[in-house]
Protein chains: 2
Amino acid sequence: MTTATICTIGDEILIGQIVDTNSSMISQALEAVGVQVVEMVSTSDDAAEISSTLTRCANKSNIVVVTGGLGPTKDDITKKTIAQLTGTSTYIDNPAQLAVNSRILAARGVEMSDINRDQSRVPSTCRVIVNEVGTAPIMEFILNGALVFSMPGVPFETETALPKIIESIKSHFTLESICHKTICTFGIAESTLSKMIESWEDALPANMHLAYLPNSILGVRLRLSIYGTEKAAGEAEIERQIASLEAIVGDTIYGYGDDSLQKVLGDILLERCATVSTAESCTGGKMAELFTSVSGCSRYYWGSVVSYDNSVKINTLGVKKETIDKYGAVSSQTVEEMAAGVRKLLGTDFAVATSGIAGPGGGTEEKPAGTVWVGVAGRDFVASKMFSFRGRRDININRFASHALNFLRLNILAH
Amino acid sequence: MTTATICTIGDEILIGQIVDTNSSMISQALEAVGVQVVEMVSTSDDAAEISSTLTRCANKSNIVVVTGGLGPTKDDITKKTIAQLTGTSTYIDNPAQLAVNSRILAARGVEMSDINRDQSRVPSTCRVIVNEVGTAPIMEFILNGALVFSMPGVPFETETALPKIIESIKSHFTLESICHKTICTFGIAESTLSKMIESWEDALPANMHLAYLPNSILGVRLRLSIYGTEKAAGEAEIERQIASLEAIVGDTIYGYGDDSLQKVLGDILLERCATVSTAESCTGGKMAELFTSVSGCSRYYWGSVVSYDNSVKINTLGVKKETIDKYGAVSSQTVEEMAAGVRKLLGTDFAVATSGIAGPGGGTEEKPAGTVWVGVAGRDFVASKMFSFRGRRDININRFASHALNFLRLNILAH
C-alpha cells in the first residue's frame, strides 16, 4: 500500500496556541484515495528540526505532505530548508504565482513589496502547483525517493490545494482502487448500533471495511469502503450491502455522504413547500444555528424564539403560567405549548421546541443535568419526547439540539 | 530548559476520523510551567511503531506525554508496549484504581468483567496516578532517562489528569520560573494592533515575551510571559507593562485570562442588576449561543428572537414594513428597530440586534457578503454600527456575533 506522513511546521502548534486541523483534513483526503497515513508529526520553525523530521519521514513513507512555515516573515524557513535538503540554493521566478499574487495584493489595496515578490520565487528543484487563494505557492519535491509536497498552513489554502495534490499523487503512484460511501444514522448509540448490525458486519466481504464515525451533532456515521474492485462493481456491492443494512436499521438512516440533519430536514421541508420555526430554552440558539448553517435556509426556516427566561415562555410564546407551575419548565406539557406557541407566533407549518438542563448546575434527583424534553407541533398534531444524556454542558447542548431536529424529522415524515 | 514531546496513539487520528485536540491542551499546560514542547507526534496502534516512536521521543526530550491506546479492547496495546520497553512482563493490581472502576461501573449499572478488572492492573515498572473519571489509570515510567506518562485519550480524562501530571513534573525537575498573563482585546485586527503597540513591545524587558492569540470570537488575546524572576517580582513587572499597554489601547481591552466577551458582559449586567435580550437575523442564534454558554446566565439573559424571515422582523419584533422596504433588512434603521423591538417584547433593560449577509450568496455591490449592521437599545438610547468582513460563512457569523457583543459592551459602559 502507498504510505504517507503528514508534517505540520510551526511554533504556534507546539505551544498549543492553535489546534492542528490540517492533518485530519489531509489524512481524510489521502485515505479516500487509498493512501495510508502512517504518522503525523508537528515540529518547530527550526532548520535542524525540520531537516531531521523531513528526512526521517521521507525514509519512512512514499509521500510526505508538509504544511506551514511558508509565510513572508523571517520565522518561516520551510522553503529554504527543503531547498537545502534537495541540494539547491538557486531560486527561480514563477510567473503564474506572481500573477496570482499581484491580483491578491491589488484586491487588498496593497503594493507589491520585495518580500511579496520573493514569496513567488521557488527552489530550482521543485515543481510548482499554483496557489490560487494565497501568496505562497505549493511546491513538489523529490527527497530520498519520496514525493514531498510543501504547502501553506492556512486551513482554507490547504483545503483548496488538496485536490491538486491528490491529482499529482495519482499520476505518480498506482493506487489500489477504493470506493467509499458514508451512511448517516441518528438516534442509536455507537455500542448499541454495533450490536444491532453485528451479523451484517461479520458477513461483509473480506475486501470491505466498516468505520464508525460518532459525532454529537451528526449522529453515528458509518463509512463503508471496498478495496481492489472496479469502480462500478465496487459501488454496486456497496449499494447491495446498504440495502441489507437499511432493512435492519430503517429510518435511523437519515442521509448519505455529507448530509446533516439540518440539510436533510431542509430538503424534506422544501419538497413539501413547508416552513419551520424553533423555540429554544436550554439549547439557547443552537437549533437556530444549525438550521441557518445551511445556505439558502431562508426559504423554509423563519426564525426562533430563544425563551431562556420563563417570562419569555409565558409572555412571548404563550405558555400558560399554570403549566410551568404545575409541571415545571422541563416537561412534556411545557415543550408542547412552546412548540405550538412559536408555530402560531411566527406563522410556520411546523415548529420544534426544547427545554432541559444542560448542566453542570440546575439538575434535580428527578430531572438530572442532561435531561431534555423536545416538543414538535404541526397543523394537526403536537408530540413530545424526553431524552437523557450525561456529558459536558456544550456536548449536552449539541445532543439536545440534534435529537430535537431528528424528532422533528421523524414526526414530519410520519404526518 | 526542560523539554517535552507529546505522543498521541490511535488509528482514529491517523485516518482523520478525529481531530487531535489533546496535544494542544497538554502543550498549553506544559508551556504554562515553563516546559518547552519540541515535538508532537501521532502514531498508529501498532507495537513496532509505538516502540520506535516512544524510544525516539524519550531520547529527544526530558518528558514524554503519551495519550491513547489504553482502552479495554485488543486494539489498545500502549500499556503492553511500554511494559516491554521498560523491561517487565509482570502486572500488579492497583486497588485504588480498582475501587474507582467498581464505582464507575456500578453507576452505569454494569457488572465488572475480567476485561474491566484487567484495566486496573499495571506493569510493575510504573507508578500509578489514579484516574478519577475513567477506568484506565495514568502510568508514570522512566524510559532511557526520560519521564514518560501514559494516559487515556478521552479529552475529558486527559484534562482531569493534567494537573496531577504537572505536579509530578514539578517534583522531578527544577523548572525555570515563569509567569503569564493574558490580555483580551477586541475590535482591532492583529496587524493593526501590532503596529499600534510596536514601540511598547520593543521596549519590553529581554526576559519578557509577547504572543498574539487571534480568534474570531475572542478577539486578539495577548499573552505576556516573564522568565526567570521570582513570582511576586514577575507579576509586578507584568502589571507595570499592562498599565502602559492600557494607556495605548484603552477600552479595546475587555478582560484578562480566561475572560470572554459574554462572560464580561454578564459581569457588567449583574453589577448593574440589568437584563439583556437579542434579536438575530444573519447570526441565526449565535449571540444567544454565546450568552447561554455561560453557566448562570439566566440571571441576566432573557432570550432571543431569531428573525430570519422578514415576516418575523415585522410581525414579532415590530419593525415597520416601510423601514425594510425603504432601507433594506441590512440597514441602520432596521437593526435599531429590531433592538428596540426585542427589548420591548421580552422586557429587558438592554437589547442587541444583528442583520447582515453571512455569504457566500446574498451579497450586492453596495452590501457585499460579510457586511453586518449591529443595533443596540437601552432605556434611553438606540445606536447602530456597520462592520465588514471577508471570510467563510461560519467565520463571518462568529465575527458578526462577537462584534455585536462588543458594541453592546461599549454602549452599556458609555451609558
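Start at A:V306: the bridge partner of this residue in β14(B) is B:S304. You are looking at a predicted model.

**The strand pair across the chains.** Widen the selection to residues 301-306 of chain A, which form strand β14. This strand pairs with β14(B). The sense is antiparallel, and 3 bridges link the two strands.

**The whole contact.** Now select everything in chain A and chain B that touches the other chain. You should pick up 51 residues from chain A and 51 residues from chain B. Stay on the chain B side. Elements that each supply at least two residues here include α1 (11-14), α2 (22-32), β2 (36-43) and β10 (208-215). Further along chain B, α12 (286-292), β14 (301-306), α13 (310-315) and α15 (332-346) do so too. Highlight β2(B): with 7 residues, this strand gives the largest share of the side that touches chain A. Next, color that side of chain B by class. It shows 22 nonpolar, 21 polar and 8 charged residues.

**A helix pair within chain A.** Hide chain B. Select helix α2 (residues 22-32) and helix α7 (residues 155-172) of chain A. Their axes lie 10 Å apart, at an angle of about 20°. That angle is under 35 degrees, so α2(A) counts as roughly parallel to α7(A). The crossing of α2(A) past α7(A) is right-handed.

Show side chains where these helices meet. From α2(A), take A:N22, A:M25, A:I26 and A:A29. From α7(A), take A:P155, A:T158, A:E159, A:L162 and A:I166. By class, the residues of this contact are 6 nonpolar, 2 polar and 1 charged.

Terms used: Residues numbered from 1 in each chain as written. Chains lettered and ligands numbered in written order. Predicted model: local features only at pLDDT ≥ 70, side-chain atom pairs only at ≥ 80, totals over all residues. Contact = placed C-beta atoms within 7 Å. Helix = DSSP H or I, 4+ residues; strand = E, 2+ residues; numbered from the N terminus. Nonpolar A, V, L, I, M, F, W, Y, C, P; charged D, E, K, R; others polar. Pairing = 2+ DSSP bridges. Axes fitted to C-alpha atoms, helices over the stretch in contact; angles between N-to-C directions. Parallel < 35°, antiparallel > 145°, perpendicular 65-115°, else oblique. Left-handed = near helix turned anticlockwise from the far one by under 90°.
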